[in-house]
Amino acid sequence: PSINSSWVDLDLLPGWQNVVGSPTPQALNSAGITYLGGAVASETTDILTPIFRLPLVFRPKRTKFLGSYGPQGVTMMTVDPQGFVTPTSYADPAQGALSGLHLDSLIFPNT
């Protein structure tokens, strides 16, 4: 994969928004490793929908299973070869919509 040495802003899909005061969600590709950054929140309690779709250069060859953190605890995430980053479960769904999901811990190989 090509190397992109600068952060690229990611477009959020419907149902997701930036967390006020946090950086815009972004991705960086460095030597075959994708780094994500920023924080997002769900607008509804139906959080099991993709947050965004990564551009081609950031996508993994196989589905990756990752954990992220936020006020509700650890959220399990998948990143699939089509580039969709999707929460699959989170610690306390009784709290309703995700008030903040930090993406800074999401790092994976894209080779």
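Colleague: Leaving aside its neighbours within four places in sequence, what is T49 in contact with?

Modeller: W16, T86 and P87, where contact means heavy atoms within 4.5 Å. Bear in mind that this is a predicted model: local features need pLDDT of at least 70, side-chain atom pairs count only at pLDDT 80 or more, and totals for chains, interfaces and linings use all residues. Residues are numbered from 1 along each chain as its sequence is written, and side-chain values use heavy atoms, with hydrogens and water left out.

Colleague: How far apart are the C-alpha atoms of T49 and P87?

Modeller: They're separated by 6.9 Å, though the two residues are 38 residues apart along the chain. T49 itself is in the loop between β5 and β6 (52-53).

Colleague: Why is T49 called partly exposed?

Modeller: Its relative accessible area is 24%. Buried means under 20% and exposed means over 50%, with partly exposed in between (1.4 Å probe, protein chains only). T49 is therefore partly exposed at 24%.

Colleague: And what makes A31 exposed?

Modeller: A31 has a relative accessible area of 60%, so it passes the cut-off for exposed. A31 is in the loop between β3 (26-30) and β4 (33-37).

Colleague: What is odd about the phi of A31?

Modeller: Phi is positive there, about 55°, although A31 is not a glycine. A31 is in the turn of a hairpin, formed by β3 and β4 with 2 residues between them.

Colleague: How do you know that β3 and β4 pair?

Modeller: Two strands pair if DSSP finds at least two bridges between them. β3 and β4 are joined by 5 bridges and run antiparallel, so they qualify as a pair. In this pair, S30 stands opposite I33 in β4.

Colleague: How many strands and helices does the chain have?

Modeller: 11 strands and 0 helices. Both kinds of element are DSSP runs numbered from the N terminus: helices are H or I, at least four residues, and strands are E, at least two.

Colleague: Which strands does β5 pair with?

Modeller: Strand β2 (residues 16-18) is joined to β5 by 3 bridges, and strand β10 (residues 101-102) by 2 bridges. Both pairings are antiparallel. The bridge partner of N18 is V40 in β5, while A39 stands opposite H102 in β10.

Colleague: What makes you say that both faces of strand β5 are covered?

Modeller: In a regular strand the side chains alternate between the two faces of the sheet. In β5 (residues 39-42), A39 and A41 are on one side, V40 and S42 are on the other, and all are buried.

Colleague: Why is K64 said to have no salt bridge?

Modeller: A salt bridge is a side-chain nitrogen of Lys or Arg within 4 Å of a carboxyl oxygen of Asp or Glu. Lys and Arg count as positive and Asp and Glu as negative; His and the chain ends are not counted. For K64, the nearest side chain of opposite charge is D80, 12 Å away, so the cut-off is missed. K64 is nonetheless buried. Not counting residues up to four places away in sequence, K64 touches M77, T78, V79, F108 and P109.

Colleague: Which residues touch the most other members of the largest nonpolar core?

Modeller: L36, I51, F52, L54, M77, V85 and L103, out of 17 residues. A nonpolar core is a set of buried Ala, Val, Leu, Ile, Met, Phe, Trp, Tyr and Cys residues joined through side-chain atoms within 4.5 Å.
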